[in-house]
Amino acid sequence: MRKWTCVVPTCSQRIFAERFPDVVQPYGRMTERTTHLLQTIGVITSGADAARVLAAIGLPTSAKTIIRRVLRLPLPPEGPVSAVGIDEWAWKKGNRYGTLVVDLEQQRVLTLLPERSVESATAWFQQHPDITIVSRDRGPIYRDAAQAAVPHAIHVADRFHLQKNFAEALERYFCYQVTHLRCAAAALTNQPTPSTSTLDPERVVRHHHRVAAHAEVWTLLRAGYGKEQIAR
């Protein structure tokens, strides 16, 4: 690296050094190639995993350093959005929630809204009128927001709630078919068929009450009620 010294006494910069922007940034402590490698591995994995991979190839560094390099990357341009997933995220679980919106086609986060409300979600949907598919939970907040701002969009249940709906329906079906299930189990194990008098109908009724109470509690939680209000 070449250096020059200014001979003018009034010059504020006494020493000038040669720059290599393609190799290293001014005051940089690692080359651009190393920075790009840290960012690439950090984006693909995570801070801790990337640190282990880099240590294995002879570039030991900390997870925090990798995360700082990743955060310097520019965000990808936000193009037209047609399919989004929207759900809540917790500032403090059970106390304060925000809203997370993701692009289902690009598989990336679009925005984080500071609150979980119909007003904030509606305002965001109004800025994206090209949305045609909304994947959401079963609560009324995001349903009302999407219907108000993008009424032409198709609403679908996300994977978690789709599996939850299926599990609840399957559980209800098995509860109603408990007699046939016991007879089938007895036939497979060559055991005598249990009589209907041995069944406990009260147990089935209690189970239905527990399932209904569980569903009601989650409905109230998604509607914004606190645990103390639900307990009353």
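**Arg52 and its partner**

I began with Arg52 in this predicted model, and I noted that Arg52 is exposed, because its relative accessible area is 53% and the cut-off for exposed is over 50%. I then looked for its partner and found that Arg52 forms a salt bridge with Asp49, with the closest N and O atoms 2.2 Å apart. Both residues lie in helix α2, three residues from each other, which is about one turn of the helix; I wrote down residues 47–56 as the extent of α2. Asp49 has a relative accessible area of 32%, so I entered Asp49 as partly exposed. I also checked Asp49 against Ala185, and the two are 136 residues apart in sequence and 47 Å apart in space, taken C-alpha to C-alpha.

**The other salt bridges**

How many salt bridges does a search of the whole structure find? I recorded five, and I followed up some of the pairs one by one.

I looked at Arg116 and Glu88, whose side chains meet in a salt bridge at 2.4 Å, N to O. This pair links distant parts of the chain, since Arg116 sits in the loop between β5 and α4 while Glu88 is in strand β3, with their positions 28 residues apart in sequence. I asked myself whether Arg116 is buried or exposed. Its relative accessible area is 17%, under the 20% cut-off, and therefore I entered Arg116 as buried. Glu88, with a relative accessible area of 26%, is partly exposed.

Next I turned to Lys164, which forms a salt bridge with Glu168, the closest N and O atoms being 2.5 Å apart. Lys164 and Glu168 are both in helix α6, which covers residues 159–176, and they are four residues apart, about one turn of the helix. I noted that Lys164 is buried and that Glu168 is buried as well. When I traced this pair further, I found that Arg138, Lys164 and Glu168 are linked in a network of salt bridges.

**Arg69, a buried charge**

I wanted to know which side chain of opposite charge is nearest to Arg69. It is Glu32, at 7.9 Å, and I recorded Arg69 as buried yet without a salt bridge; the cut-off I needed for this step is 4 Å between nitrogen and carboxyl oxygen. Arg69 lies in helix α3, residues 63–71. Leaving aside neighbours within four places in sequence, I listed Met30, Thr35, Leu38 and Gln39 as the residues in contact with Arg69.

**The nonpolar cores**

I then examined the largest nonpolar core, which has 18 residues, and I listed Val84, Ile86, Trp124, Phe125, Ile131 and Val134 as those with the most contacts inside it. The elements that give two or more residues to this core are β3 (83–92), β5 (108–113), α4 (118–126) and α5 (140–149). Of these, α5 gives the most, with five residues.

I took Val84 as one case to look at in detail, and, apart from its neighbours within four places in sequence, Val84 is in contact with Val101, Val102, Leu104, Leu110, Trp124, Phe125, Ile131, Ile133, Val134 and Ser135. Apart from this core I found another, of six residues, which includes Leu38, Ile41, Ala50 and Ala51.

**Helices α4 and α5**

At what angle do α4 and α5 pack? I recorded about 35°, with their axes 8 Å apart, and I noted that their crossing is right-handed. On the α4 side the contact is made by Val118, Ala121, Thr122, Phe125 and Gln126, and on the α5 side by Ile141, Tyr142, Asp144, Ala145, Ala146, Ala148 and Ala149.

**Gln107 and Cys183**

I stopped at Gln107, which has a positive phi of about 55° although it is not a glycine. Gln107 is found in the loop between β4 (96–103) and β5, and I entered Gln107 as exposed because its relative accessible area is 72%.

Last, I looked up Cys183, whose place is in helix α7, residues 178–188. With a relative accessibility of 28%, Cys183 counts as partly exposed. I also noted that Cys183 and Gly94 are 89 residues apart in sequence and 44 Å apart in space, C-alpha to C-alpha.

Key:
Residues are numbered from 1 along each chain as its sequence is written. This is a predicted model: local features need pLDDT of at least 70, side-chain atom pairs count only at pLDDT 80 or more; totals for chains, interfaces and linings use all residues. Side-chain values use heavy atoms; hydrogens and water are left out. Buried means under 20% relative accessible area, exposed over 50%, partly exposed in between (1.4 Å probe, protein chains only). Lys and Arg count as positive and Asp and Glu as negative; His and the chain ends are not counted. Contact means heavy atoms within 4.5 Å. A nonpolar core is a set of buried Ala, Val, Leu, Ile, Met, Phe, Trp, Tyr and Cys residues joined through side-chain atoms within 4.5 Å. Axes are lines fitted to C-alpha atoms, for helices over the stretch in contact, and angles run from 0 to 180 degrees between N-to-C directions. A crossing is left-handed if the near helix is turned anticlockwise from the far one by less than a right angle, and right-handed if clockwise.
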